[in-house]
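Please walk through this protein with the sequence and the model side by side, beginning with the overall architecture and then turning to individual residues.

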Amino acid sequence: MIAAAYPYMGREGGPIRPEYTVSYGATMLVFVISGLTLKTAQLKNAFLDIPFNVFVQTYSLVCIPLAVWILTLLLRDTTIHPALLDGLRICGALPTTVSMCVVLTSSAGGDDCAALFNATFGNFLGIFITPLWLVTLVRIHASVSFTSVFLKLLIKVIIPVTCGQVALQLMSNDMRARVAAHGKHLKRTQDCLLVAIAFTTFSTAFSAGFSVTWGDLFSVTGIVLALQVLFSGIVWRAMSVPCLKLSPRRRVAGLFASTQKTIALGIPLITAVFEGSDNLSYYTIPILIYHPMQLVLGSLLIPHLSDYIKRCD
């Protein structure tokens, strides 16, 4: 609501310069905190759980894009603007979130190491896989700078996490104990940073303006909500398969890592690929709706997931 009322405050080029202070500063701080709170041994274990990682990436980058593509084929004879349906396909083809995925997993008491690894690896895969989906499903020529996206991922995620981990290893046992004791405060800081990221994203969108009817907007919102509930329910049940041998904490990480879609990579990718297109605003609307909705849905699930983990422990 604040972003809609005062978009100038948080848009790119605005007074707080969010393209630097939030896009880089806030995001990097989120992952410095992650590095400080992650245990190296747990991160290694998350990397070595190959069946789980393959399952998460396949669901996120193969199953969901195909499911959304099939749905949009069924909806092509409706009154929904065709460019919005293309936007849904683009949204479905995006990799998972990074900061939100880790923060929600951590807040629920899940395996944040598994969430961080799959979020980072998924975004790396998305640099190559998402443009291929755009060519196949949306039938456009995807020209995106892989080097540029990879460097942003390196600067915003990998280096901050590494710095946090190195700092943790250099600390005395007493200092590590203090960091652990302030874990709740660090998580709240991450939550506040996540809100700042969402605020600046919507401020930029409202500044650019929306050229979509209310009918189409409500239709897409309903579709996105239904898809999120459906995808979350399916993957939660699928992760109960005995052959995966997932702990409750890792199952929670898998829920968030496999169903969320990144706006941080999505908006730059859509802008780069469709720059100058008359339908650019239509293409961005589905991910702009998906992003806050997955935050709301994830926040509502946190108490239930936390209770689930406690019961299993």
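The protein contains 15 helices and zero strands, and since this is a predicted model, every value that follows is computed from predicted coordinates. Of the 313 residues in the protein, 50% are buried. Among the contacts with a separation of 6 or more, 82% are between residues that lie 24 or more positions apart. The accessible surface of the protein amounts to about 15000 Å², and 68% of that area belongs to carbon and sulfur atoms.

A helpful place to enter the structure is its charged pairs, of which there are four that qualify as salt bridges. In general terms, side chains of opposite charge can pair when their charged atoms come close. One of these salt bridges joins arginine 250 to aspartate 49, with the closest N and O atoms 2.8 Å apart. The two residues come from distant parts of the chain, for arginine 250 sits in helix H13 (residues 248-259), whereas aspartate 49 occupies the loop between helix H4 (40-48) and helix H5 (50-74), and 201 residues separate them. Arginine 250 has a relative accessible area of 11% and therefore counts as buried, the cut-off being under 20%. Aspartate 49, at 15% relative accessibility, is buried as well.

Arginine 250 also takes part in a second salt bridge, this time with the side chain of aspartate 111, at 2.8 Å from N to O. Aspartate 111 is placed in the loop between helix H7 (99-107) and helix H8 (112-138), and because arginine 250 belongs to helix H13, this pair ties together parts of the chain that are 139 residues apart in sequence. Both aspartate 111 and arginine 250 are buried. Through shared partners, the salt bridges join Asp49, Asp111 and Arg250 into one network.

A more local pairing is found in helix H6, where the side chains of arginine 89 and aspartate 86 meet in a salt bridge with an N to O distance of 4.0 Å. Why are arginine 89 and aspartate 86 separated by about one helical turn? The reason is that they stand three residues apart in helix H6, which covers residues 82-93. Both partners of this pair, arginine 89 and aspartate 86, are buried. Their helix is itself mostly covered, with 11 of the 12 residues of H6 buried, and the buried residues include Leu84, Leu85, Leu88 and Ile90 as well as Gly87, Cys91 and Gly92. From its first C-alpha to its last, H6 reaches 17 Å, which is close to the 16 Å expected at 1.5 Å a residue.

Glycine 35, found in helix H3 (residues 18-37), offers another view of how separate stretches of sequence meet. At 0% relative accessibility, glycine 35 counts as buried. Leaving aside residues up to four places away in sequence, glycine 35 touches Val161, Gly164, Gln165 and Leu168. Glycine 35 and isoleucine 158 are 123 residues apart in sequence, yet their C-alpha atoms are 9.4 Å apart in space.

The cysteines deserve a separate look, since a bench reader may ask how many disulfides the model holds. The count comes to zero disulfides, on the rule that the two cysteine sulfur atoms must lie within 2.5 Å. As for individual cysteines, cysteine 63 is partly exposed at 38% relative accessibility, whereas cysteine 113 is buried, with a relative accessible area of 0%.

Turning to the surface, Phe121, Phe124 and Phe128 make a nonpolar patch of about 240 Å². Phenylalanine 124 belongs to helix H8, and its relative accessible area of 30% makes it partly exposed.

A last residue to inspect is lysine 245, which lies in the loop between helix H12 (214-238) and H13. Most residues other than glycine have a negative phi. The phi of lysine 245, however, is near 50°, a positive value in a residue other than glycine. Is lysine 245 buried or exposed? With a relative accessibility of 74%, lysine 245 counts as exposed, because the cut-off for that class is over 50%.

Definitions and conventions: Residues numbered from 1 in each chain as written. Predicted model: local features only at pLDDT ≥ 70, side-chain atom pairs only at ≥ 80, totals over all residues. Heavy atoms only, no water. Helix = DSSP H or I, 4+ residues; strand = E, 2+ residues; numbered from the N terminus. Buried < 20%, exposed > 50% of the residue type's maximum accessible area, 1.4 Å probe, protein only. Expected span 1.5 Å × (residues − 1). Patch = residues over 30% accessible without salt bridge, like charges linked within 9 Å, V, L, I, M, F, W, Y side chains within 5 Å. Areas by Shrake-Rupley, 256 points an atom, 1.4 Å probe, with all protein chains shown as cover. Contact = heavy atoms within 4.5 Å.
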